[in-house]
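Here is a short briefing on charged side chains and how they pair up. Have the structure open beside you as you read.

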Amino acid sequence: MNRKVWVAGVGMIPFSKPGASESYPVMGGRAVREALKDAGVPYDAVQQAYAGYVYGDSTSGQAVVYGVGLTGIPVFNVNNNCASGSSALFLARQAVESGAVECALAVGFEQMAPGALKGVYEDRPSPLAGFVASMSGLQGYDADKPRAAQFFGGAGRDYMKEHGIRPDTFARISVKARQHAARNPYAVFRQPVTLDEVLAAPMIFDPLTRLQCCPPTCGAAAAILCSEDFARRHGLPPGVSIAAQAMTTDTPSTFSAGDMRKVVGYDMTRAAADQAYEAAGVDPADIDVVELHDCFTANELITYEGLRLTPEGAAEKFIMDGENTYGGRVVTNPSGGLLSKGHPLGATGLAQCAELVWQLRGQAELRQVEGARMALQHNLGLGGACVVTLYQAA
């Protein structure tokens, strides 16, 4: 890290089910204007923009920012699967930190279709072909079941084999997610569910029932990043800074370890977290609040350990003791996470950013984590990319 980077403003719109949202340029534009308003700076102060999305044509980022203003700035379109939003944030932070610009915009958005995720092109190799081949070799592949659920359900199975935990341990994460989302006006699913309801939901891929899988969602979120000098010149009060940020991709262990947890990015998560902790001089025990990539309950469970929030093999106790919620050691996904807030792929990383900035400012209302000073964000995409960001209150 070179220059300190401040998160001057964040913006987000309520997420919605496919078919119930506005178009992506409208959603994205609303999120950008909210972030600018929050920062208290005009759009013509932004020098570069980075736009994250997955399901969209080229230059969709321009379609979003052009609705806010036509200032001629560089606009970069970023597609890193489910880590697209945080990849855009990473690039915006890097531009400000390096001195290339004083103020940058990161925006993420997604206008999704109903149903399970699937590829768009069938006339060329899939970028996930190597991952599917690894999964097929380890546990087989069922073309009639959602592919993503097989990846992350398989990771849950491998964890169960090693540590002997009960299947309902995963389901408890869904119960917690809904409890948190009930306090979040931006979330799609705000009604609480019981453990019995989660377990009785249709089985998607053992041990994952439907209520343990994140839904396709539409939405948008944005952040304005700036340097200390920019903040001083514009009279912006000290707020939340990015203490450290790391991005990783796959290493040989993803494909050679014979473990579905590795296939879905456990080692990427561990490496990114360790890099961020070292760069910030922060211990995992210092983290007060976390927004992590709970696309499936199984991924939240293994990510507790990947981020070193609890020792390996201790995730079940961490959950049963309530250490992952209010009154516990570290409040995880106070927003409701992807499971309940929703997962508009390109928007997720910036939505996580917005939630954590609100938490560190003390602006999270009914979701507020008391005394939060240090926050961690984890955003993962198969294919693969993982971004871990540490935020610190002024």
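In this predicted model, arginine 261 is buried, with a relative accessible area of 11%. That value counts as buried because the cut-off is under 20% relative accessible area. Two acidic partners meet this arginine, and the points below take them in turn.

**The network around arginine 261**
- Glu162, Asp259 and Arg261 are joined in a network of salt bridges.
- In the salt bridge between glutamate 162 and arginine 261, the closest N and O atoms lie 2.7 Å apart.
- This pair connects distant parts of the chain, with the two positions 99 residues apart: glutamate 162 sits in helix α5 (residues 147-163) and arginine 261 in helix α10 (residues 260-263).
- Aspartate 259 also forms a salt bridge with arginine 261, and here the closest N and O atoms are 2.8 Å apart.
- Aspartate 259 is itself buried, at a relative accessible area of 13%.

**A pair with partly exposed partners**
- Glutamate 22 and arginine 30 bring their side chains together in a salt bridge, at 2.6 Å from N to O.
- Is glutamate 22 buried or partly exposed? With a relative accessible area of 36%, glutamate 22 is partly exposed.
- Arginine 30 is partly exposed too, at a relative accessible area of 33%.

**The whole structure**
- How many salt bridges does a search of the whole structure find? The search finds 17 salt bridges, and among them are the glutamate 22 to arginine 30 pair and the aspartate 259 to arginine 261 pair.

Conventions. Residues numbered from 1 in each chain as written. Predicted model: local features only at pLDDT ≥ 70, side-chain atom pairs only at ≥ 80, totals over all residues. Heavy atoms only, no water. Salt bridge = Lys/Arg side-chain N within 4 Å of Asp/Glu carboxyl O. Buried < 20%, exposed > 50% of the residue type's maximum accessible area, 1.4 Å probe, protein only. Helix = DSSP H or I, 4+ residues; strand = E, 2+ residues; numbered from the N terminus.
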